[in-house]
Amino acid sequence: MTGLSTILIVVGLFLAGGVYSFQKQKMPKSVIFLLAIGSAMCLLAGVLRIQGIWG
């Protein structure tokens with residue numbers, strides 16, 4: 001596992017927590033959607049790097 005993979009996964013989980021928090025606060029759906037996409041992209045990139053498929 002590389003440092004970048006770890007950072008990507010941590011950032012992805014942090015953004016996923018933000019999605020949950022924003023949804024509870026009834027924030028605009030567009031903000032929640034963008035945050036969810038960012039979270040998914042970070043998590044996917046981190047996992048792909050760990051698997052050696054990307055990077």
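## Ground rules

A residue is called buried here when its relative accessible area is under 20%, exposed when that is over 50%, and partly exposed in between (1.4 Å probe, protein chains only). Lys24, for instance, is exposed, because its relative accessible area is 58%.

Keep in mind that this is a predicted model: local features need pLDDT of at least 70, side-chain atom pairs count only at pLDDT 80 or more, and totals for chains, interfaces and linings use all residues. Residues are numbered from 1 along each chain as its sequence is written, and side-chain values use heavy atoms, with hydrogens and water left out.

## Helix H1

Helices here are DSSP runs (H or I, at least four residues; strands would be E, at least two), numbered from the N terminus. H1 covers residues 3–24, and its 22 residues should span 32 Å at 1.5 Å a residue; the end C-alpha atoms are indeed 32 Å apart. That expected span is 1.5 Å times one less than the number of residues.

So which residues of H1 are buried? They are Ser5, Leu8, Gly12, Leu15, Gly18 and Val19. Looking down the axis of H1, these buried residues fall within an arc of 145°, so they line one face of the helix. The arc is taken from the directions between the helix axis and the C-beta atoms. As background, an α-helix has 3.6 residues a turn, so residues three or four places apart point the same way.

Flip to the other side of H1 and you'll find Ile7, Val10, Leu13, Phe14, Tyr20 and Lys24 exposed. Lys24 also gives a handy distance within the model: its C-alpha sits 19 Å from that of Gly12, 12 residues away along the chain.

## The loop and its odd phi

Lys26 lies in the loop between H1 and H2, just after H1. Its phi is positive, about 60°, although Lys26 is not a glycine. For context, most residues other than glycine have a negative phi. Lys26 also counts as exposed, because its relative accessibility is 73%.

## Helix H2

H2 runs over 29–51. With 23 residues, H2 reaches 33 Å from its first C-alpha to its last, close to the 33 Å expected at 1.5 Å a residue. Its buried residues are Ile32, Leu35, Ser39, Cys42, Ala45 and Gly46.

Ala40 is also in H2, but this one is partly exposed, with a relative accessible area of 45%. Its C-alpha is separated by 21 Å from that of Gln25, 15 residues apart along the chain. Just after H2, Gly52 takes a positive phi of about 80°.

## How the two helices meet

The cover over the buried residues of H1 includes H2, and the cover over those of H2 includes H1. Ser5 makes a nice example from H1: it counts as buried because its relative accessibility is 0%. Leaving aside neighbours within four places in sequence, Ser5 is in contact (heavy atoms within 4.5 Å) with Gly46, Arg49 and Ile50.

What makes up the largest nonpolar core? Five residues in all: Leu15, Val19, Ile32, Leu35 and Cys42. H1 and H2 each supply at least two of them, and H2 gives the most, with three. A nonpolar core is a set of buried Ala, Val, Leu, Ile, Met, Phe, Trp, Tyr and Cys residues joined through side-chain atoms within 4.5 Å. Cys42 touches Leu8, Ile9, Val11, Gly12 and Leu15, not counting residues up to four places away in sequence.
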